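This report describes one protein model, going from single residues to helix packing and overall form.

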Amino acid sequence: MSTKVLLAGLVSGITGFLLGWVVYGMLLADFTAEHTIKYEGLMKEPPVLWAIFLSNTAWGILYAHIFNRWGGIQSFGSGFSSGFLISLLIA
């Protein structure tokens, strides 16, 4: 695995972590709190942020590896649009 793939995966992980915090932690926080059934052990308070960051970085490295190895995607623009579409469908 090249340094380029690892760097792209790390940047993707940081971006995904920050965008997830904005979307799910700020914009949808009231909606989630209102529509979630509360019971003991459902959510950790406070959340384990290092694990969330690690999983976002793992997804980023997976995307970067797939795009580089099998997708033939080499530019930022095509990688961004493909990654955005796939992430939107997953979310």
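## A loop residue and the overall fold

Ser75 is found in the loop between α3 and α4. Its relative accessibility is 42%, so Ser75 counts as partly exposed. Along the chain Ser75 and Ser12 are 63 residues apart, and their C-alpha atoms are separated by 14 Å.

The model is a predicted one. It contains four helices and zero strands, and the pattern read along the sequence is α-α-α-α. The C-alpha atoms fill a box of roughly 45 × 20 × 20 Å along the principal axes. The radius of gyration is 16 Å, whereas a compact globule of 91 residues would have a value near 12 Å. Buried residues make up 12% of the 91 residues. Of the contacts with a separation of 6 or more, 73% are accounted for by residues 24 or more positions apart.

## Packing of α1 against α3

How do the axes of α1 and α3 cross, and within what distance do they come? The two axes come within 7 Å and cross at roughly 135 degrees. That angle makes α1 oblique to α3, and the crossing of the pair is right-handed.

On the α1 side, the contact is made by Val5, Leu6, Ala8, Gly9, Leu10, Ser12, Gly13, Ile14, Gly16 and Phe17. On the α3 side, the residues are Leu49, Ile52, Phe53, Asn56, Thr57, Gly60, Ile61, Ala64, His65 and Asn68. By class, the residues of the contact of α1 with α3 divide into 11 nonpolar, nine polar and no charged.

Thr57, placed in helix α3, is one of the residues that make this contact. Is Thr57 buried or exposed? Its relative accessibility is 11%, and the cut-off for buried is under 20%, so Thr57 counts as buried. Leaving aside residues up to four places away in sequence, Thr57 touches Gly9, Leu10 and Gly13. These three glycine and leucine positions are also listed among the α1 residues of the contact.

## Packing of α3 against α4

Helix α3 covers residues 49-71 and helix α4 covers residues 76-90. Their axes come within 11 Å and cross at roughly 130 degrees. Angles over 115 and up to 145 degrees fall in the oblique class, so α3 is oblique to α4. The crossing of α3 and α4 is right-handed.

Helix α3 contributes Trp59, Tyr63 and Phe67 to the contact. Helix α4 contributes Gly79, Ser82, Gly83, Ile86, Ser87 and Ile90. The residues of the contact of α3 with α4 divide into five nonpolar, four polar and no charged.

Gly83 lies in helix α4 and is one of the α4 residues that make the contact. With a relative accessible area of 11%, Gly83 is buried. Gly83 and Ile14 are 69 residues apart in sequence, and their C-alpha atoms are 14 Å apart in space.

## Exposed and partly exposed positions

Trp50 has its place in helix α3. Its relative accessibility is 64%, and exposed means over 50%, so Trp50 counts as exposed. The C-alpha atoms of Trp50 and Trp21 are separated by 13 Å, with the two positions 29 residues apart along the chain counted as their separation.

Ser2 belongs to the segment before α1, which spans 3-27. At 33% relative accessibility, Ser2 counts as partly exposed. From C-alpha to C-alpha, Ser2 and Ser78 are 19 Å apart in space, and in sequence they are 76 residues apart.

The residue pairs named in this report are set out below.

| Pair | Separation in sequence | C-alpha separation |
|---|---|---|
| Ser75 and Ser12 | 63 residues | 14 Å |
| Gly83 and Ile14 | 69 residues | 14 Å |
| Trp50 and Trp21 | 29 residues | 13 Å |
| Ser2 and Ser78 | 76 residues | 19 Å |

Terms used: Residues are numbered from 1 along each chain as its sequence is written. This is a predicted model: local features need pLDDT of at least 70, side-chain atom pairs count only at pLDDT 80 or more; totals for chains, interfaces and linings use all residues. Side-chain values use heavy atoms; hydrogens and water are left out. Axes are lines fitted to C-alpha atoms, for helices over the stretch in contact, and angles run from 0 to 180 degrees between N-to-C directions. Helices (H or I, at least four residues) and strands (E, at least two) are DSSP runs, numbered from the N terminus. Angles under 35 degrees count as roughly parallel, over 145 as roughly antiparallel, 65 to 115 as roughly perpendicular and the rest as oblique. A crossing is left-handed if the near helix is turned anticlockwise from the far one by less than a right angle, and right-handed if clockwise. Contact means heavy atoms within 4.5 Å. Ala, Val, Leu, Ile, Met, Phe, Trp, Tyr, Cys and Pro count as nonpolar, Asp, Glu, Lys and Arg as charged, and the others, Gly among them, as polar. Buried means under 20% relative accessible area, exposed over 50%, partly exposed in between (1.4 Å probe, protein chains only). The radius of gyration is taken over C-alpha atoms; the globule rule is 2.2 Å times the number of residues to the power 0.38.
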